[in-house]
Amino acid sequence: AEYLGGSDGRANAVSRAVAPEFLAGVVEAVQAHVADTQEDFGPTVGVDIGREFICLVKTTKTSNNTYLLVDKKIIPFDPELSFDSSQFKTLLKSNVIDFCGTVADCDVWTKISTSQVNVYFITIPRVPKKQQEKVVFWTAKKEGLIDEEKQIFDFEIQGESVEQGTPKYSVMFYTAFKAEIERIKALAADIGIHLAGITIVPFA
């Protein structure tokens, strides 16, 4: 089984009217999914490709483990422009490089649209953290929620509950098709950008 997160296993509006809550959502996605993986204080860049814009945000992790938004940029483009076109790839590459400064010094994350993600809520027995991935996977598979040949998954422990006297964990379990993940990774590779990971925009 594979995770939807980064390489270690574990971020619609146009520039004239970008909703503040949308930008906040992108920042939240970047912060939430690098919290456990960022070991230094280098910048993390989130790249969100919409239908009419590219949204870039940059955050840094401070010495007291909080996150600071240090830069943001919205790049509008013609919605008729194909993501596979050389024109779009040149636009994306030049803006990401310019925004990062030195790409090698940044952890670059992007997102998969929530429309491409299946989300489920399940419960699992209360087990040690190192066993959670396996228990979550087999619970989801038993319930027919994942096809491991075509999909990868990730999950989030959301709380605890008790069912018939048995302690349980409440879990948000989500899957995405490998083909869509590979498409995103291929686009990044085509422009010479190494992705630290792929995330989904929070629902809140």
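Let me start with helix α2, which has 15 residues and reaches 21 Å from its first C-alpha to its last, close to the 21 Å expected at 1.5 Å a residue, where the expected span is 1.5 Å times one less than the number of residues. Helices here are DSSP runs of H or I with at least four residues, strands are runs of E with at least two, and both are numbered from the N terminus. Please keep in mind that this is a predicted model, in which local features need pLDDT of at least 70 and side-chain atom pairs count only at pLDDT 80 or more, while totals for chains, interfaces and linings use all residues. Residues are numbered from 1 along each chain as its sequence is written, and side-chain values use heavy atoms, with hydrogens and water left out.

Which residues of α2 are buried, that is, under 20% relative accessible area with a 1.4 Å probe and protein chains only? They are Phe 88, Lys 89, Leu 92, Asn 95, Val 96, Phe 99 and Cys 100. Because these residues cover an arc of only 145° around the axis, they lie on the same side of α2; the arc is that of the directions from the helix axis to the C-beta atoms. The face turned away from that buried side carries Ser 86, Gln 87, Thr 90 and Asp 98, which are exposed, meaning over 50%, with partly exposed in between. After α2 comes Gly 101, whose phi is positive, near 85°.

What covers the buried residues of α2 includes β1, β2, β3, β4 and α4, contact being heavy atoms within 4.5 Å. These strands bring me to the open sheet of 5 strands, with the order β3-β2-β1-β4-β8 and mixed pairing, where two strands pair if DSSP finds at least two bridges between them. Its edge strands are β3, residues 67-76, and β8, residues 195-199, each of which pairs on one side only.

Within the sheet, β1 (residues 44-49) and β4 (residues 107-111) run parallel and are joined by 4 bridges, and Thr 44 has Asp 107 in β4 as its bridge partner. Helix α2, residues 86-100, lies across β1, β2, β3 and β4, running at about 25° to β2; axes are lines fitted to C-alpha atoms, for helices over the stretch in contact, and angles run from 0 to 180 degrees between N-to-C directions. Helix α4, residues 178-190, also packs on the sheet, touching β1, β4 and β8, and its direction makes about 145° with that of β8.
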